[in-house]
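Trainee: I would like to go through this model with you and ask how each label is earned. Could we take a look together?

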Amino acid sequence: MAALIEIKVPDVGNVADIDVVDVLVKPGDTVKLEQTLAVLETDKASMDLPASAAGIVQEVFIKSGDKVSEGTLIVTLLPSTEEAGAAEPEESVQQTAPAEQASEPDSQLTVTTAEPLPDMLPGNVSGHAAHATPAVRLFARELGVDIQKISTGSGRKGRILKDDVKNFVKKVMAGDVAQGDSGIPAMPSIDFSQFGQIEEQSLSKIKRLTGKNLNRIWLNLPMVTYHDEADITEMEAFRVALNAEKSKEDIKVTGLLFIIKALVAAMEQFPQFNASLSADGEKLILKKYVNIGIAVDTPNGLVVPVLRDVNRKGINELSVELAEKSNKARSGKLMPADMQGGCLTISSLGGIGGTAFTPIVNAPEVAILGVTRAKMQPVWNGKEFAPRLMLPLDLTYDHRVIDGAEGARFMAVIKQYLGDIRRLLL
Ligand code: CAO
């Protein structure tokens with residue numbers, strides 16, 4: 001009989017006490033190579049732990065809620081017949097998940113994370129990281145308390161205890177504590193079970209991180225959204241013709257690629273859109289590189305992979321990259337580096353529908369371009385109404401950096417490029 005294969009937690013970069021969120025296999029299951037065995041979460045990322053070999057699960061050594069670290073045994077596998085037949089190992093084989101074996105160590109451990117944003121929430125005590133056990137953190141979360149807002153705990157070395165959380169809640173209820181410098185009162189905690197049957201579902205890590213970021217962006221940035229429409233009749237005809245030519249290749253050119261190119265060309269004319277405000281709000285940091293984030297809708301929540309050096313790439317190269325990154329995003333395989341360094345973001349809901357929306361700037365970027373569904377409309381050309389394909393665009397910008405007139409001019413230039421994509425050559 002073939003020796004059992006032990007699959008262990010690989011090197012995850014000196015992080016200990018990683019939470020086991022989900023275990024996806026049980027004894028007797030047949031697993032394929034790279035099939036996800038378990039989902040792990042740290043404070044910063046969620047990771048799929050893949051099988052480094054195919055086989056039948058003999059024993060599972062972890063369960064949801066456990067804490068693991070590098071080297072923790074996850075499962076033992078009896079190698080599947082094809083593999084076992086090829087070379088019957090004579091002694092017990094020890095394997096870690098592929099991350100440890102691959103030449104690029106982390107390349108196969110699939111990680112998803114929201115891009116960390118600078119800590120901008122004024123309500124956060126600067127540099128303060130709350131000390132509390134997971135049970136106390138859970139208790140605080142259940143009560144809707146942001147544990148970071150409890151300045152000191154009464155436990156050893158300032159550790160926050162359950163009583164500290166309760167006292168904090170009492171103070172909030174008594175109006176003694178403002179919820180952040182915004183002074184916005186906390187949302188009431190309501191027991192919905194009094195109205196009927198309910199079920200509680202934990203939000204995914206990505207949703208929780210994204211939610212926190214969006215909340216602080218919303219509270220910190222004065223945002224304005226400007227709406228317009230681009231006439232993409234000719235662009236669409238070109239795209240359809242291009243796709244007909246490429247029907248045998250595995251490349252599909254979507255309208256989003258032209259929108260990316262038009263946006264980048266406009267950013268080159270308006271450098272203040274390729275910039276970030278310094279944390280003290282005193283300086284504008286202009287970027288000489290052009291990376292575009294694309295919001296991708298995934299089963300676990302919204303992620304924003306970044307396409308790099310878009311100004312130096314053509315539509316063909318970008319279409320392959322966009323397909324690769326959005327597939328990686330949907331299968332939870334993006335690495336943190338895939339989501340960092342964006343200059344501006346596009347959020348396209350055009351594949352789903354819509355006439356307009358107000359996307360939230362992915363700060364520290366200064367603007368975001370929203371796209372909804374193009375539709376044929378009668379447009380007056382001076383003599384008659386002609387059918388034109390009109391694409392709705394929504395530009396949200398940080399009004400501390402972008403003036404209303406600049407926003408309108410920037411949009412006018414994007415429209416001009418999309419209206420006549422030959423201009424992208426100029
Ligand atoms: N108008 C009309 N049709 C459109 C369109 C538009 N603006 N945008 C896309 N379509 C069409 C495409 O041409 C495609 O049609 P076919 O299937 O007939 O070829 C179909 O809709 C699906 O497109 P797509 O969404 O797969 O491809 P895309 O390149 O346009 O977008 C991606 C890729 C990754 C951006 C998109 O799939 C996605 O995830 N969008 C959601 C982003 C999101 O959640 N944003 C909200 C964030 S909150 O701010």
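Mentor: Gladly! Let's begin with residues 83–128, where pLDDT (the predictor's confidence in each residue, from 0 to 100) stays under 50. The model has 115 contacts for them beyond four places in sequence, a contact being heavy atoms within 4.5 Å. Where pLDDT is low, the predicted coordinates should not be read in detail.

Trainee: What is the mean pLDDT of the protein?

Mentor: The mean is 84, and 84% of the residues reach 70 or more. This is a predicted model, so local features need pLDDT of at least 70 and side-chain atom pairs 80 or more, while totals for chains, interfaces and linings use all residues. Residues are numbered from 1 along each chain as its sequence is written, and side-chain values use heavy atoms, leaving out hydrogens and water.

Trainee: Why is Leu49 called buried?

Mentor: Buried means under 20% relative accessible area (1.4 Å probe, protein chains only). Leu49 has 0%, so Leu49 is buried. Leu49 lies in strand 5, residues 46–50; strands are DSSP runs of E, at least two residues, numbered from the N terminus.

Trainee: How do you know that strand 1 pairs with strand 8?

Mentor: Two strands pair if DSSP finds at least two bridges between them. Here 4 bridges join the antiparallel strands 1 and 8, with Lys8 opposite Leu73.

Trainee: What makes the approach of Thr254 to the ligand a polar contact?

Mentor: A polar contact is a pair of N or O atoms within 3.5 Å. A polar side-chain atom of Thr254 lies 2.7 Å from a ligand oxygen, which means the pair meets the cut-off.

Terms used: Buried means under 20% relative accessible area, exposed over 50%, partly exposed in between (1.4 Å probe, protein chains only). A polar contact is a pair of N or O atoms within 3.5 Å; within protein, one must be able to donate a hydrogen and the other to accept it, and residues adjacent in sequence count only if both atoms are side-chain atoms.
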